[in-house]
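User: Please take a close look at the hollow spaces here, starting with the enclosed one. I'd like to know what lines them and what packs elsewhere.

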Amino acid sequence: MSVELVEVVRSGFRECVHRGSLIVLDPQGEVVVSLGEVHTPIYPRSSNKPLQAVAMLRSGFVPRSSAELAIATASHEGETEHVGLVEKLLTAHGFGEQDLQCPEDLPGNELARAEVLAAGRAPRAAYMNCSGKHAAMLAVCAARGWDTDTYLDPNHPLQESVVATIADLTGDIEDADLGIDGCGLPIVPVPLINLARAYARLATAESGTPERAVADAIREHPFLISGTGKDDLSLMRAVPGLLCKAGADGVHAGALPDGTSFAFKIDDGHERARLPLSSALLHRLGVGDAEVLATLASQPVSGGGVRVGTVRAVPGVF
């Protein structure tokens, strides 16, 4: 059964609570904290992207820079730098935006979205947060001579490689039917404990391996994999060496350079629970900038235009 992880306190009154499950592993992979259903498969959503990127490198993706590899793992905000990298990646491999099979969207970043709307421009596939991953998948298909019209199909050789790679990185997971993620690609159900182990494997991988390349690209370019004001950017700036990636519907996973790792899922999927919970956890582990993490761990609740409360990890939860 899931447990209370995050609470919303308004004017001293506990207004809401977010339940979920959470796992923390030490550098040897032993359990430090286990709360809730950590052995029950969940959809990691975009927390799967670093694992999918490893599969793409194993399958023949040759990024021209660490930035290009980072955008392949991104849940980006559709800001100018994000979209420009996606466009260059497509062009380099002979594709155009029309070849992307992710849905058209507006930028996630508020300012970028306002600029698009003010200019009277329409939603685009390149604005969609998963467009970098889709562009990289097209690049893999071009390199291997695989069909590009069916790269979303679970039976496509690239998607079969993704499933095999995720099984390898996460360990012994049960066979389960694939789901369909928000961008249209197949998604593999993974228990939280296995997801944490996979992140530890990436964070501690030897130099020169696909795993290490993905981890290094994300750590080098936290803005590219997220965007202005996003949780992953804030956390990786506060904790040097941290590798982390958010997933939709309240998922987060990460690992430190020594292999300490974590993963959690918020039952109701509310995004506001992620940053205070991850910040409080990292603060408890004694890593990074303690002052910054303490601030991030207490997100404001407003009333009448002023702060009247906080969103925070439930005191004493871990």
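Analyst: Let's start with the walls: the lining of the largest cavity has six nonpolar residues, three polar ones and no charged ones. In that tally, Ala, Val, Leu, Ile, Met, Phe, Trp, Tyr, Cys and Pro count as nonpolar, Asp, Glu, Lys and Arg as charged, and the others, Gly among them, as polar. Before going on, keep in mind that this is a predicted model, where local features need pLDDT of at least 70 and side-chain atom pairs pLDDT 80 or more, while totals for chains, interfaces and linings use all residues. Residues are numbered from 1 along each chain as its sequence is written, and side-chain values use heavy atoms, with hydrogens and water left out.

What counts as a hollow space? On a 1 Å grid over the protein atoms alone, a cavity is a set of points where a 1.4 Å probe fits but cannot get out; a pocket is an open set with protein on both sides within 12 Å along at least five of seven lines; and lining residues have an atom within 4 Å of a point. Grid points are joined across faces, edges and corners, and the volume is the space filled by probe spheres set on them.

By that rule there is one cavity of 30 Å³ or more, and the largest cavity holds about 40 Å³. Its lining is made up of Asn48, Gln52, Gln159, Val162, Val163, Ile166, Pro186, Ile187 and Val188. H6 and strand E6 (186-187) are the elements that give two or more residues to that lining, and H6 gives the most, with four. Helices here are DSSP runs (H or I, at least four residues), as are strands (E, at least two), numbered from the N terminus.

Just past H6 (157-170), Gly171 sits in the loop that leads to strand E5 (179-180). Gly171 counts as partly exposed because its relative accessibility is 32%; buried means under 20% relative accessible area, exposed over 50%, and partly exposed in between (1.4 Å probe, protein chains only).

Now the open spaces. The largest pocket holds about 500 Å³. It has 27 lining residues, and Ser46, Ser75, Glu77, Asn129 and Lys230 are the closest to its centre. Helix H9 (231-238) and strand E8 (243-247) each supply at least two lining residues, with E8 giving the largest share, three. By class, the lining of the largest pocket has nine nonpolar, eight polar and 10 charged residues.

The second largest pocket holds about 190 Å³. Of its 13 lining residues, Gly78, Glu79, Thr80, Ala112 and Glu115 are the closest to the centre. Helix H3 (80-92) and helix H4 (110-118) are the elements that give two or more residues here, and H4 has the largest share, four. Its lining has six nonpolar, three polar and four charged residues.

As for packing elsewhere, the largest nonpolar core has 98 residues, of which Leu22, Met56, Phe61, Leu242, Leu277 and Leu282 touch the most other members. Helix H7 (residues 192-203) gives the most to this core, with eight residues. Such a core is a set of buried Ala, Val, Leu, Ile, Met, Phe, Trp, Tyr and Cys residues joined through side-chain atoms within 4.5 Å. Leaving aside neighbours within four places in sequence, Leu242 is in contact (heavy atoms within 4.5 Å) with Arg219, Leu235, Met236, Ala255, Leu256, Phe262 and Leu282.
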